[in-house]
Amino acid sequence: MKTYYVDYMEFKTEYYFMIRDKEDMSILPLPTKYLKHKMKSNCSPNTVRRIAYALSYYLNFLEEENIRIKEVFKLSYMEQHEHFTKYLYWLKAGNHKGTSRTPNNNTCNAYLNMVFGFYQFLLLEYDIYDNLKIFNDGKISYQNAVGVRFTKSVKVFGGYLPSEESHGKSIEKENLIKLIEGCDHLRDRLLLLLIANTGFRIGEILGILYTKDIDFDTREIRVTYRSDNANRARAKNAENRSLQISEGTFEILQYYLSENRELLKDTDYLFINLHGKTKGKPMTINGVYSVLKTLEKRTGIKATPHMLRHYFANERRAAGWDLLLIAKALGHKHISTTEAYLDVRTEELCDATNEFYEKNMDLYRIDDFL
C-alpha cells in the first residue's frame with residue numbers, strides 16, 4: 001500500500017513539488033527540500049515532477065523494507081548493493097504503481113539514478129551523512145557530433161539492470177494526415193503541423209508567444225527560453241533557436257490567429273484553451289495529451305508529441321538532410337559546441353527546409369484543412 005505521494009503547490013508562476021505522508025498529510029522535509037533545490041537549479045518543472053515520483057516510489061519501497069534513509073548510509077557495501085538491486089527488481093515487478101504493467105530496464109535504472117541524486121544532495125548538504133559505499137570510480141567515453149571522443153571520470157554503480165536498446169517511435173505520414181483530418185479545431189491541426197514542421201519539443205511549442213517569437217516575414221518560429229511561462233512550458237537547456245515552417249502551415253497559423261483574435265488579444269501565447277473555465281488561458285502539456293487522447297479514440301491512432309518530433313527527424317533524414325542540420329534543428333544539448341566549430345548558419349536550415357517542403361506539398365496543403 002502506498003504511504004507517500006507527490007503533491008504540488010503554485011506560487012506566482014512557479015510550481016513547487018513535495019512529498020506527503022498519506023496518513024497525516026504531513027510534508028517530508030528532506031525530499032521536499034531536494035525538490036525545491038532542483039527547481040531553484042533551473043530544472044524544468046516536468047523534470048522535477050519525474051524526480052518527485054521517483055523519490056516517492058523509493059520512499060514507499062523503504063517503508064515496505066522497514067528501513068530509513070539514515071540507516072541505508074550505515075549499511076555495509078554488500079548490504080547497500082543488495083538494497084539498491086532489490087529496489088530495481090521491485091520497480092521491474094511494477095510494485096511502484098501496483099500494476100502488472102512493468103517498466104523496461106532503462107526506466108528502472110533512471111528512477112534509481114534520480115534516487116542517487118537525492119543521496120548525493122544529502123551528502124553535500126549535511127555533515128552527518130557518509131558517502132554511499134556502492135559507488136566505484138569509473139570512466140566513460142563518448143563522442144560529439146563531429147566525432148571527437150572524450151573521456152571523463154564518474155562514480156558508477158555496478159548493479160544496474162542490463163540496458164535495453166531503445167528506438168524512439170515515429171508516426172507514419174499517412175497516420176499523421178489522418179490525425180490532422182480528425183481534428184475538430186484549427187488550433188489542434190496547427191499544433192500537430194507545427195511539431196511536424198519544426199521538431200520542437202512540446203514545452204517549446206507551448207511556450208511560443210505569437211507577439212514575439214514569430215517572424216511573419218520569413219515564416220520562422222523561434223524557441224525562446226523563459227522560466228516564467230504561465231503554463232510551465234519551458235525550452236530545454238536554456239537554448240534559443242529558430243526554424244522555418246511551410247507556406248501552408250503558415251497560412252493555417254494566420255487563419256488561426258484571425259479566427260481566435262478575440263481570445264488571443266488578452267494573451268501573448270500562441271496556443272490557448274478554447275473552452276471551459278480556463279478559456280483563453282495558455283494551453284498546458286496535459287491539455288495537449290488530452291487532445292491526442294481524443295484523437296486516438298476518434299481515429300484509432302496513438303500519437304505523442306515525441307513521436308511527431310521523431311517524424312520530423314526521420315523525414316528530414318530521408319530527404320537528405322545532413323545529421324548535423326537535424327541535430328541543430330532538434331536542439332540537442334551538445335549542439336552549441338558543434339555549432340561554433342562548424343559554423344552552421346540559419347540560412348542553411350532555411351535552404352534545406354524549403355527543399356523539403358517542395359518535395360512534400362501533399363502534407364501541407366492548406367485547402368484541405370480550412
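**Strands, cores and ring pairs**

User: Hi! Which residue in E7 stands opposite Glu-220?
Analyst: Gln-244 in E7 stands opposite Glu-220. Bear in mind that this is a predicted model.

User: Sure. How many bridges are there between E6 and E7, and in which sense do they pair?
Analyst: Strand E7 (residues 241–244) and E6 pair over 4 bridges, in the antiparallel sense.

User: And what joins E6 to E5?
Analyst: There you have 2 bridges, with strand E5 (residues 214–215) running antiparallel to strand E6 (residues 220–223). Across that pairing, Ile-221 in E6 faces Ile-214 as its opposite residue.

User: What about the turn between E5 and E6?
Analyst: The two strands make a hairpin, with 4 residues between them. Arg-219 sits in that turn and has a positive phi of about 65 degrees.

User: Switching to the interior: how many residues are in the largest nonpolar core?
Analyst: It has 57 residues. Those with the most contacts inside it are Ile-171, Ile-205, Leu-253, Leu-270 and Phe-271.

User: Which helix gives the largest share of it?
Analyst: That would be helix H7 (residues 186–198), with 8 residues of this core. There is also another core, lying apart from it, with 45 residues, including Val-6, Phe-17, Leu-28 and Val-48.

User: Back to Leu-270, what is it in contact with beyond its neighbours within four places in sequence?
Analyst: Among them are Leu-194, Ile-208, Leu-209, Tyr-210, Leu-253 and Leu-257. Ile-214 is one of its contacts too, and that is the residue standing opposite Ile-221 in the hairpin strands.

User: Nice link. Now the aromatics: how many pairs are there?
Analyst: The count comes to 23 aromatic pairs.

User: Why is Tyr-58 with Tyr-119 called edge-to-face?
Analyst: Their ring planes are at 75 degrees, so the pair is edge-to-face, since the cut-off for that class is over 60. The ring centres are 5.9 Å apart. The pair links distant parts of the chain, with Tyr-58 in helix H2 (residues 45–65) and Tyr-119 in helix H5 (residues 105–125), 61 residues apart.

User: Are those two buried or exposed?
Analyst: Tyr-58 counts as buried at 1% relative accessibility, and Tyr-119 counts as buried at 2%.

User: What kind of pair do Phe-61 and Tyr-87 form?
Analyst: A tilted one: 5.2 Å centre to centre, with 50 degrees between the planes. Phe-61 is in helix H2 and Tyr-87 in helix H4 (residues 77–92), 26 residues apart. Phe-61 is buried, with a relative accessible area of 1%, and Tyr-87 is buried at 0%.

Technical notes:
Residues numbered from 1 in each chain as written. Predicted model: local features only at pLDDT ≥ 70, side-chain atom pairs only at ≥ 80, totals over all residues. Heavy atoms only, no water. Core = buried A, V, L, I, M, F, W, Y, C linked by side-chain atoms within 4.5 Å. Buried < 20%, exposed > 50% of the residue type's maximum accessible area, 1.4 Å probe, protein only. Contact = heavy atoms within 4.5 Å. Phe/Tyr/Trp six-rings, centres within 6.5 Å; stacked < 30°, edge-to-face > 60°. Pairing = 2+ DSSP bridges.
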